[in-house]
Structures are given as C-alpha cells and as structure tokens.
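Work through the exercises below with the sequence and the 3D view side by side. Each task is followed by a solution that goes step by step.

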Amino acid sequence: MYKTLSAPLVVQIEIESACPNTCMHCYNFWRKNNGSKSYNSHLSLKDIGIIMHKLAEAKVFEVVFTGGEPLLNKSALFYGIELAQKLGIGVSLNSNLIPLTEKDAVFLKRLGVHSILTSIMGPNAAIHDGIVLRNGSFEDTIRGIKYLQKVGFSPTVNIVVSQKNKGYLKKTIKFLASLGINYISSTRAGCPGNCSDFSTLSLSFEDFRRYLEELYITGQEVGISVGVLESYPYCGIKELLRYQQFLGRRCSAGVTTVTIGSNGSVRPCSHLDIQYGNLLSEDIKSIWFKMDECRNGSMIPPECRKCPLLEICGGGCRMEAKMRCGSLNAMDPYSSPKDINFALQQFNKLPKRELKIVSAFSVAEKVRIRLEKFGSVVFVAHRFKAYLNRKSTDFLMGLKPKKTYFVEEVMKWGNYEEEELKRFLSKLADKKIILQRPRKITGGERDGTTNSRF
Amino acid sequence: MERQILDFETILDKTNAIKQSSSCEENDCVNCYDCVDCYDCDFNCEECDTDRD
C-alpha cells in the first residue's frame, strides 16, 4: 500500500528507559501494571555514536530524543545532539523537563535543538501529580518550561487525556495559555503493549468525540493553536470541516518513522512492543526492509480497505487496535463506519489551497533532498515537504542556491510544457520549496540560464 | 514508456494500493496530507511557525 522508502525519514531514540514519573497512561511498553518499572536500560555514548552514524549514512532527516526521560542520561543526550548536528540531522526532544537545569536549557539552545515537547496532565499539581504518580512533578515541569522560554524556546505542551482528567481539558488549556505557551497538542491516552487492562483510563467513543469538541472549542475561545499528535480515524472524527486542525496525522509507523529502544532494538512506533532488529548490530536499512508488514496493507482492517478515505486516513492507530480490539489489523476503537459517507462529504468540501502563479523564483535556502527509487524526498529545514518524481527531482537539483530564475528561461531547459511547468512551480511555491521573487532584480543576482546542480 | 511530467508523488504505492481513492488526483489537490504525516511534528519550530500546512 505504501512505498518503501530507502530508510525512515524521522527516528525516535529512547535514550533512557528510566523516568522520574510513573504515569498511569505511560505508553512505554516496558512499564507494566500502571507504571511500575519493569526494567532499566540506557544507551551509552558508544551506542549513540554507532546509532547516529548509521542514521546519517541512511540519510535520516530528523531524530527525536525521548525515553523514559532522556534528561536522565544527559551525557549521552548532549553527545547525541552534538553528533546529530555535525552529521546534518535535525534534533528535537521529548521530555518531562523534571531534570532540566537552567544551564541545560542554555546548552540545548546552543546545540541547535529545534523543538521540545513536554506534557502536562492538568491545571494544577493535584491533578497532574495524581496522574504521573509523583509529588512535585507539576512544579518541576512548569519550572522546566520557564527555563526553556527564558532562553528562547517555545515548547509545545501535550495534554494526554484519559478518564482521570477528561473533565479538566478546558482549565488545563487556559492554564497553559497563561504560561505563554503558543501551541498545545493533545492525545487520547493510548493503551501500551503489555497492558492487561486499560479500561479505567481509555476514553469511550462518546468521550472521544466530546474530547475533540472541547479541544476545538477551547482553542477557539482562548485564541491558541491546538492540535493532536495521534492518528484518529476520519470516520471517528466525522466533522472534518470543523476539525480540520486535527486531520493529517495518518499513522507513519514503519512507513516514514521508527523508534530505537534504549537497548538498540528497533520498533515501528514508540507505542508498539514488536521489535524487528537491533541497530547496534544491524544496519538501519536491513531492519527497515523487515518492516514490510507496516507498509504492505496487511495491518489495514478489512473494513477499511474499501473506504474511499483510506489513503488519507490510514485506518487509525494499530496499537490501539491491537490492545483494545484484539489484533493489529482490527479496527481502531474510535472508528465509526456508519459515518464514513458523512466524513467523505465533509472531506470533499475541505477548502482547496489557492495556488499562486510564479514567474520568478529562487530555491529555499534550507532545502534538503534525499534520493529515492521514485525520485526524492524533500525537507525544508526540519519539515517534510514533498515526495517528488524523478523528473521533478532533476529539476529541483538543477537549481542553484541564491539565484533568481524566470519561468521563460526555465522553459528552455527541458522542453517542459508551459502549463506543466507553471503548475509544478506553483505547487513548489505552495510548499515553500521555492520562494517567489520580484521580476525586477539587480543584474548580479540574475542567473537563470544555467542548469547547474548544487 | 509514458513521458513523465513534473509532479509530486505520494507515499502511496499506486501499483499496490489496496484501494486507490481518486479524490486528491481528481481535484488536483496539493493538500494531500502527506505533508503532515510526521509523527513528532510540533508545528512551532521557528522555520515554520507561519507555515502550518
């Protein structure tokens, strides 16, 4: 069903399995029975060196250091970040910030970490600490957020919503807005592997829909951007027009992403407990190719295979399906097949982006291209932007940085049809892979006649 | 062999797709959601804070 890329685009690295918190809903599969720690392991500096070099060789674009709590293994974390930057891999961090010092925040900024994600479960210590099962956690995380803000980070805060805190979502969002948080994400608590009973935490289907509405409406009321981090089935979301900001999170496990555990094992997703190899002894590509079942459609529920929304929806979360409905190819418990037609009608009404006509342009400065069998993957800075076919890849790679090009000159390069070229340039500009330029430029800047590679 | 035109690909393998929706292609939709399938994206890095696809 999905293409097999040459390697993942983004890799999560669980650098440390231990964590100061023992969250009731923790998705670390090694924490059985409501948070008790079943094993501790961590990646050493040597391990990190091996992993980062293998990822760089495979041209992975981004790594996310996570855990457990990655800041409990600071030496390996900082070494990993430094190495990633040297190797041209972007870095972000998922952390509860409890071990973060003011000095660490400065260091993370200096090392070029581009984004940091943390979690808050409620509007006050009683609720938050009651869920993460550690007194003082709320204060510690808030202090960490302030340290980050002081050095110029704008951390994203995720609210994991379960039966325990579903009544406090609005208050929590308002509280986070008062802290100066610019973007809030939220996820429904998801059942981890090895969990025997998640029934006291899982949202019911009705809860799930109420949760989406409250998240949406509170974001509107408070005037803050809110979104989700998990893939929810489109038929379960149903009101696609209303909840546009919650769309586009199709499951990427084994399709574009993997997770490396604190012992080097490689899994398609942080929630999933199935391992396909170990990066300390194998290379990433051979492990990646073993994950074919994540891409070939065998994990797609039979009921979803005929759905017209499948290719954009992906069928929801496979881990949730496995743990709550019995198998990896069962339906996501938040699916609602009876609402497919309604969701499809809504999908067809989603506003289309208006493409602008481009007559002069230059290539964006931070374009990163990885060649693939079908063409290439394009990132701009830390963000995925597009898959391109071979002809388009040749075209993009032929553009020199910092040069302004004119459509009429570019037309001569490859005997492109005018409409084809204009349409393609508009799409590239829409993705900010190329930037529109004014027609009048200084003489020295103009160099649109040479099809040189960079 | 069919002449290739300048265009985007999707992550879907069109030759092996179980069910190929025509909605995006028919509408020439560039908002194909391939742009946001990154699990860890937090939407607020400084390079893209005005570019939430």
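## Exercise 1: Pairing in the nine-stranded sheet

In this predicted model, strand S4 (residues 62-67) of chain A and strand S5 (residues 90-94) of chain A run parallel and are joined by 4 bridges.

**Task.** Place this pair within its sheet, state which strands stand at the edges, and find what packs on the sheet by way of helix H6 of chain A.

**Solution.** Begin with a single position in the pair: A:Phe65 has A:Leu93 in S5(A) as its bridge partner. Next, read the order of the whole sheet, which is open, has mixed pairing and consists of 9 strands of chain A arranged as S9-S8-S7-S6-S5-S4-S1-S10-S11. Strand S9 (225-228) and strand S11 (266-267) of chain A each have a single partner strand, so one side of each is left without a neighbour in the sheet, and these two stand at the edges. Finally, helix H6 (residues 169-178) of chain A packs on this sheet, where it touches strand S7 (156-161), strand S8 (183-188) and S9 of chain A, and its direction makes about 170° with that of S7(A).

## Exercise 2: A strand with two partners

**Task.** How many residues of strand S1 (residues 10-16) of chain A are buried, and which residue stands opposite A:Gln12 in S4(A)?

**Solution.** Start with the cover of the strand: 7 of the 7 residues of S1(A) are buried. Then take its partners in turn. S1(A) pairs with S4(A) in the parallel sense over 6 bridges, and in that pairing A:Gln12 stands opposite A:Val64. S1(A) also pairs in the parallel sense with strand S10 (residues 257-260) of chain A, here over 4 bridges, and the bridge partner of A:Gln12 in S10(A) is A:Thr259.

## Exercise 3: The two faces of a helix

**Task.** Check the length of helix H7 (residues 205-222) of chain A, and then decide where its buried residues lie around the axis.

**Solution.** For the length, the 18 residues of H7(A) should span 26 Å at 1.5 Å a residue, and the end C-alpha atoms are 26 Å apart, which agrees. For the faces, list the buried residues, which are A:Phe208, A:Tyr211, A:Leu212, A:Leu215 and A:Thr218. Seen down the axis of H7(A), these buried residues fall within an arc of 145°, so they line one face of the helix. The buried residues pack against S7, H6, S8, S9 and helix H8 (234-237) of chain A, whereas the face turned away from the buried side carries the exposed residues A:Glu206, A:Gln220 and A:Glu221. Just after H7(A), A:Gly223 takes a positive phi of about 75°.

## Exercise 4: Two helices in contact

**Task.** Describe how helix H4 (residues 125-132) and helix H5 (residues 137-150) of chain A pack, and name the residues that make the contact.

**Solution.** Two packed helices are described by the angle between their axes and the distance between the axes. For H4(A) and H5(A), the angle is about 105° and the axes are 8 Å apart. Angles of 65 to 115 degrees count as roughly perpendicular, and H4(A) and H5(A) are therefore roughly perpendicular to each other. The contact is made by A:Ala125, A:His128, A:Asp129 and A:Val132 of H4(A) together with A:Ser137, A:Phe138 and A:Glu139 of H5(A).

**Task.** Is A:Ala126 buried or exposed?

**Solution.** A:Ala126 has its place in helix H4 of chain A. Because A:Ala126 has 10 C-beta neighbours inside 10 Å, it counts as exposed. From C-alpha to C-alpha, A:Ala126 and A:Phe138 are 8.4 Å apart in space, and they are 12 residues apart in sequence.

## Exercise 5: A sheet built from two chains

**Task.** In what order do the strands S13(A), S14(A), S15(A) and S1(B) form a sheet, and how do they pair?

**Solution.** The 4 strands form an open sheet in the order S13(A)-S14(A)-S15(A)-S1(B), with antiparallel pairing. Its edge strands are strand S13 (367-372) of chain A and strand S1 (8-9) of chain B, each of which pairs on one side only. Within the sheet, strand S14 (residues 375-380) of chain A is joined by 6 bridges to strand S15 (residues 383-389) of chain A, and A:Ser376 has A:Leu388 in S15(A) as its bridge partner. Helix H14 (residues 390-397) of chain A lies across S13, S14 and S15 of chain A, running at about 120° to S15(A).

Key. Residues are numbered from 1 along each chain as its sequence is written. Chains are lettered from A and ligands numbered from 1 in the order in which they are written. This is a predicted model: local features need pLDDT of at least 70, side-chain atom pairs count only at pLDDT 80 or more; totals for chains, interfaces and linings use all residues. Two strands pair if DSSP finds at least two bridges between them. Two residues are in contact if their C-beta atoms, placed from the backbone, lie within 7 Å. Axes are lines fitted to C-alpha atoms, for helices over the stretch in contact, and angles run from 0 to 180 degrees between N-to-C directions. The expected span of a helix is 1.5 Å times one less than its number of residues. A residue is buried if 20 or more other C-beta atoms lie within 10 Å of its own, exposed if 12 or fewer, and partly exposed in between; C-beta atoms are placed from the backbone. The arc is that of the directions from the helix axis to the C-beta atoms. Angles under 35 degrees count as roughly parallel, over 145 as roughly antiparallel, 65 to 115 as roughly perpendicular and the rest as oblique.
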